[in-house]
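Look at the sequence and the fold together before reading on. The paragraphs below go from one helix to the interior and then out to the loops and the surface.

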Amino acid sequence: MYWLYGIDTVLRIAAAMVVLFVCVPALAWPRPASFTRLEWFWWNLGIGITLLTLAGQLFTLVNIASLLTYLLLFAAIIVLCRARRAGTPPVRWLRETYRDAVLFALHVLDGRVSLRERAGLRFTALRRTLADGFASHRAAVLAWTAVVLAAAVTRFYRPFATANLGYSDTYVHLYLMRLLDEGRQVDPAWGPYPRGMHFLLLAIDRLTNVDAILLMNFFGAFSGVLLTLSAAYAAMRITRRTSAALVAGLLFATMIGGAHQYFALGGGVSSTTVSEARTVLARSYPEMADAGEFDVLLTAFQRQTSTLPQELAIVLLLPAGLFLLDWLRERDRWKLAGFIGCTAAIAAIHSGVLVPLVALCAAAAVAALLCRTTTLATVARGAGAGAIGVAVGSTWMLGFFRYHTIAGVGKLSPGSHVGATALYYFPFLRSFAGDSTGEETAYMTVTPFLIAVVIAAVLLAIVAVRMRQEAALWIALATLFFTVTHAASVLGIPEIIEVRRNVTWLALTIAVLLGVVIAALAARLPARAHLAAPALAIALWFLTLPNLFGETMRARLLDYSGYGTTTYAVLRISQRLEPFTWTLVSYGQEYPMVLGRGFHVNGADFLEQFDPGETPLRIPTPHVFIAVEKKPHRFQINNWATRFDRTAVEERLQTWCTVYGLTHRDIRVFLDDEDVTIYRIDRTAAELREVQQAEGRT
């Protein structure tokens, strides 16, 4: 049954993405001649997310976010754009369009126009166009299909295999989505937060009526696929060769991590001294099993399967940099608008990704200046355009005027949520905050593979300068910068951005760099051997692939923050029972899932407040569900870990259910597997009245 839920969710999300970023733009404005189809998609994605964020802020502010308001928004965009193209005022264009529509309808009614014949002609023309396109671009179609399939198989495996939401941060974003449903953009306990991803998810929810839990579980995989497409697109754009896109796309799609790929980026540990970190990192992969999230490539892959704003923002990094690079050379206003739109979208989704964006923009400016395709004045104009994009995407920061106290702290300080987040993402700021943060430094392995990548980037940069290939020089400079950032703590230089978050865009640029280098080498081989170098590189990399479906990788990827059975139980309960007629008792992280559907009691509070021997159970809902973990999960909520241990809570919950079953006949098993048992308690109307009367007396 869960597979059917997953397929339905994927189809709904895909349909919404097509409507938002393909259909609406196609109806509003034709693709400019200077854009390829994929470039036009990135343009629409950046501009679209920015518009959805601005509109979503207005809709939720007055609590009118609904299917109707979004349809009206799309209609307004189409009308304004078409009127602009026609060179007439929107009202006049509407009047003329209405008149033409009436005339067309009359012609259909009197038989002058046959809808069937027109549809048949359009279908025949479309089929012929697709057939001709496939025949003339067969290699490109097959290459892009292979990239998409590889990315989809690896990214969608986790959400299809388990209902658990993956990273614990995803539960927080589900909670923020619930707040938007209530018309609240800010949680006072946390403060203002970039909500670009949430407004996109809100639009998808309103358009498709998809289940919010399933949406949060599957949307992250879409971001992972788009990330792979951005890597392939960048390699294709730089070299104009399909082989580069194929190599870059397949490499990034299969950068999964594990023992066989540990040679690439190595590991990372947090420590207070370099010597201690080097001692830990010198261990072999099996010996590092107790070191937490030490496999940085595996961690980056895990994040691409979970719904997290950083990964969605990274999708637009390379397109934004390439838009700027093209504008510096061509002065095309459409490219400048694409750069501003992608920058605004990144700022609206995740402000931390602005740091690598600034690095990419700096690399683009240096590359264009060294290749003499731009001027300092143009670079300054581009910087101003980027600042405008950041300002447009950062409207969420206006919330600080209202919520000037953050989480009970009078000022923005290291003790506040926002201050602690800033210090986490930008470690070089910690020296200005004093020693009160208590943060350890993250140290990364400098592997021979990374050294080889640096050498390849330097050689590519030298060749690119000589041949005045600014795009190739841009990716070489970007790779060098992110590699140095990766090794910052080891080299003893300031850590501009948290190195573990740097891994994703480092892997992204490495994949593009290797695609560019391998395609360039293949071009220098005889014509018959053009495919030999890309094929050999892909085959050698595939030898390092871990068994994604084996027990080792399943243990690392699936049920990361909890067991999927509990999430699946919430799905079944919410679909079978009326809202607010049931209560779920669980460890705790299921609270955002239950919010707006039923009631939730965390296990520790339940054990303190309710006696298994009392009759009736003093919970005023007809149905009570208790989730008991047979093997307590390793994940613990930090704020609770000091109060009670998860293992102890689960053992006491099992004892409570056993004792309750000895004195009551209304408890039974709702769901059961090797990890979790979900108990169900159903009460009669008389018992509920007794509970209500008892509550009234107290």
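Which residues of H17 are buried? This is a predicted model, and in it the buried residues of H17 are Leu-354, Pro-356, Leu-357, Ala-359, Leu-360, Cys-361, Ala-363, Ala-364, Ala-365, Ala-367 and Ala-368. The helix has 17 residues. From its first C-alpha to its last it reaches 24 Å, close to the 24 Å expected at 1.5 Å a residue. The cover over the buried residues of H17 includes helix H15 (317-330), helix H16 (333-349), H18, helix H22 (470-486) and helix H24 (499-523).

Just after H17 comes Arg-372, with a positive phi of about 60 degrees. Most residues other than glycine have a negative phi. Arg-372 is found in the loop that runs between helix H17 (354-370) and helix H18 (376-393). Is Arg-372 buried or exposed? Its relative accessible area is 64%; exposed begins over 50%, and Arg-372 is therefore exposed.

The interior comes next. The largest nonpolar core has 163 residues, and those with the most contacts inside it are Phe-219 and Trp-474. Helix H9 (residues 212-239) gives the largest share of this core, 19 residues. In soluble globular proteins, nonpolar side chains tend to be buried together. Which residues does Trp-474 touch, leaving aside its neighbours within four places in sequence? Trp-474 is in contact with Ile-238, Leu-318, Gly-321, Leu-322, Leu-325, Leu-360, Ala-363, Ala-364 and Ala-367. Among these partners, Leu-360, Ala-363, Ala-364 and Ala-367 also belong to the buried residues of H17.

Helix H9 also holds Ser-223. With a relative accessible area of 3%, Ser-223 is under the 20% limit and therefore buried. Beyond its neighbours within four places in sequence, Ser-223 is in contact with Leu-312 and Val-315.

In the loop between H8 and H9 is Asn-209. Asn-209 has a positive phi of about 55 degrees although it is not a glycine. Its relative accessibility is 64%, so Asn-209 counts as exposed.

Another part of the chain to look at is helix H3 (residues 67-86). H3 has 20 residues and reaches 29 Å from its first C-alpha to its last, close to the 28 Å expected at 1.5 Å a residue. Its buried residues include Thr-69, Tyr-70, Leu-73, Phe-74, Ile-78, Val-79 and Ala-83. What covers the buried residues of H3? The cover includes helix H1 (2-28), helix H2 (37-61), helix H4 (90-109) and helix H8 (196-208). Just after H3, Gly-87 takes a positive phi of about 70 degrees.

H8 also bounds the loop that holds Ala-189, with helix H7 (169-181) on the other side. At a relative accessible area of 45%, Ala-189 is partly exposed. Its C-alpha atom is separated by 52 Å from that of Pro-534, and the two residues are 345 residues apart along the chain.

Now the surface. Val-446, Ile-451, Ile-455, Val-458, Leu-459 and Ile-462 make a nonpolar surface patch of about 500 Å². Where does Ile-451 lie? Its place is in helix H21 (residues 448-467). Ile-451 counts as partly exposed because its relative accessibility is 46%, and partly exposed covers the range between 20% and 50%.

The remaining stops are at higher residue numbers. Apart from the core around Phe-219 and Trp-474 lies another core, of 20 residues, among them Leu-607, Ile-626, Tyr-660 and Tyr-679. Helix H31 (residues 646-663) is the place of Gln-654. Gln-654 counts as partly exposed, at 27% relative accessibility. Which residues is Gln-654 in contact with, leaving aside its neighbours within four places in sequence? They are Val-628 and Tyr-679, and Tyr-679 is one of the residues of that other core. Gln-654 and Ile-619 are 35 residues apart in sequence and 18 Å apart in space, C-alpha to C-alpha.

One peptide bond deserves a look. Most peptide bonds are trans. The bond from Thr-615 to Pro-616, however, is cis, with omega near -5 degrees. Pro-616 lies in the loop between helix H29 (603-609) and strand E5 (623-629).

How values were computed
Residues are numbered from 1 along each chain as its sequence is written. This is a predicted model: local features need pLDDT of at least 70, side-chain atom pairs count only at pLDDT 80 or more; totals for chains, interfaces and linings use all residues. Side-chain values use heavy atoms; hydrogens and water are left out. A nonpolar core is a set of buried Ala, Val, Leu, Ile, Met, Phe, Trp, Tyr and Cys residues joined through side-chain atoms within 4.5 Å. Buried means under 20% relative accessible area, exposed over 50%, partly exposed in between (1.4 Å probe, protein chains only). Helices (H or I, at least four residues) and strands (E, at least two) are DSSP runs, numbered from the N terminus. Contact means heavy atoms within 4.5 Å. Patches are made of residues with over 30% relative accessible area and no salt bridge: like charges are joined within 9 Å, nonpolar side chains (Val, Leu, Ile, Met, Phe, Trp, Tyr) within 5 Å. Accessible areas come from the Shrake-Rupley method with a 1.4 Å probe; for residues, only the protein chains shown count as cover. A salt bridge is a side-chain nitrogen of Lys or Arg within 4 Å of a carboxyl oxygen of Asp or Glu. The expected span of a helix is 1.5 Å times one less than its number of residues.
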